[in-house]
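Reader: I would like a close look at a single strand in this model. Please describe its partners and its side chains, then place it in the chain.

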Amino acid sequence: MAFRSEILIKLDKKGRVLLPAAFRDELPADDREAFVLYHSPNVPGVVNGNSRLGFDAMLERLRVEALGPKGSLKVSLDDEAFDPAGYLSASARTIAMEPDGRFSMPAEFAQALDADAGVMLVGKGDKFQMWNPKRWQARRDGDRDKMAAFVRSLANSDSERGDA
């Protein structure tokens, strides 16, 4: 499973959108009737999406890596303990999808995205994201600069080792 590409999608008057085939095809074959959307935990106005299996696997990794085996047990028993996976689960919604890929965008996500002009669907490998198109363009421009700097740093480290 690897979500790729950037695709602008529009909401119809009923608040429905079409998940493009390129993204639907990355959902597990036996689990294409629904997927999960959830608010980004650290970037306001961004909505993340994943298959149900992918979302559950991410929550499990998060619990193990962030809390360790005893921490996972602690959050199961201690109602005051912080559970990062529980935090993400609380805002997550399972989204039913019609066979043609059409789904209804929950109002809370449409508002967070300011989706009047559409939504930019962005593949991020093991998940996808939804962005307001203008905000995505600004982020993409910044990421392009970061990528150029990263590539330059690789070239510099190669020349320092004499690999150039």
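Author: In this predicted model, strand β7 (residues 119–123) and strand β8 are joined by four bridges and run antiparallel. Within that pairing, Q129 of β8 has V122 opposite. The two strands form a hairpin with four residues between them, and there G125 adopts a positive phi near 80°.

Strand β8 also pairs with strand β4 (residues 47–50), again in the antiparallel sense, this time over three bridges. Here M130 of β8 is the bridge partner of V47. β8 is therefore paired with both β7 and β4, under the rule that a pair needs at least two bridges.

The side chains of β8, which spans residues 128–131, point in two directions: F128 and M130 go one way, Q129 and W131 the other. Such alternation between the two faces of the sheet is what a regular strand shows. Both sets are buried, which means that each of these residues has under 20% relative accessible area. Q129, which faces V122 across the pairing, is thus among the buried residues, and so is M130, the partner of V47.

As for the setting, the protein chain has five helices and eight strands, in the order β-β-α-β-β-α-α-β-β-α-β-β-α. Of its 164 residues, 37% are buried. Among contacts with a separation of 6 or more, 59% are between residues 24 or more positions apart. The accessible surface of the chain is about 9800 Å², with 53% of it belonging to carbon and sulfur atoms.

Notes: Residues are numbered from 1 along each chain as its sequence is written. This is a predicted model: local features need pLDDT of at least 70, side-chain atom pairs count only at pLDDT 80 or more; totals for chains, interfaces and linings use all residues. Side-chain values use heavy atoms; hydrogens and water are left out. Buried means under 20% relative accessible area, exposed over 50%, partly exposed in between (1.4 Å probe, protein chains only). Contact means heavy atoms within 4.5 Å. Accessible areas come from the Shrake-Rupley method with a 1.4 Å probe; for residues, only the protein chains shown count as cover.
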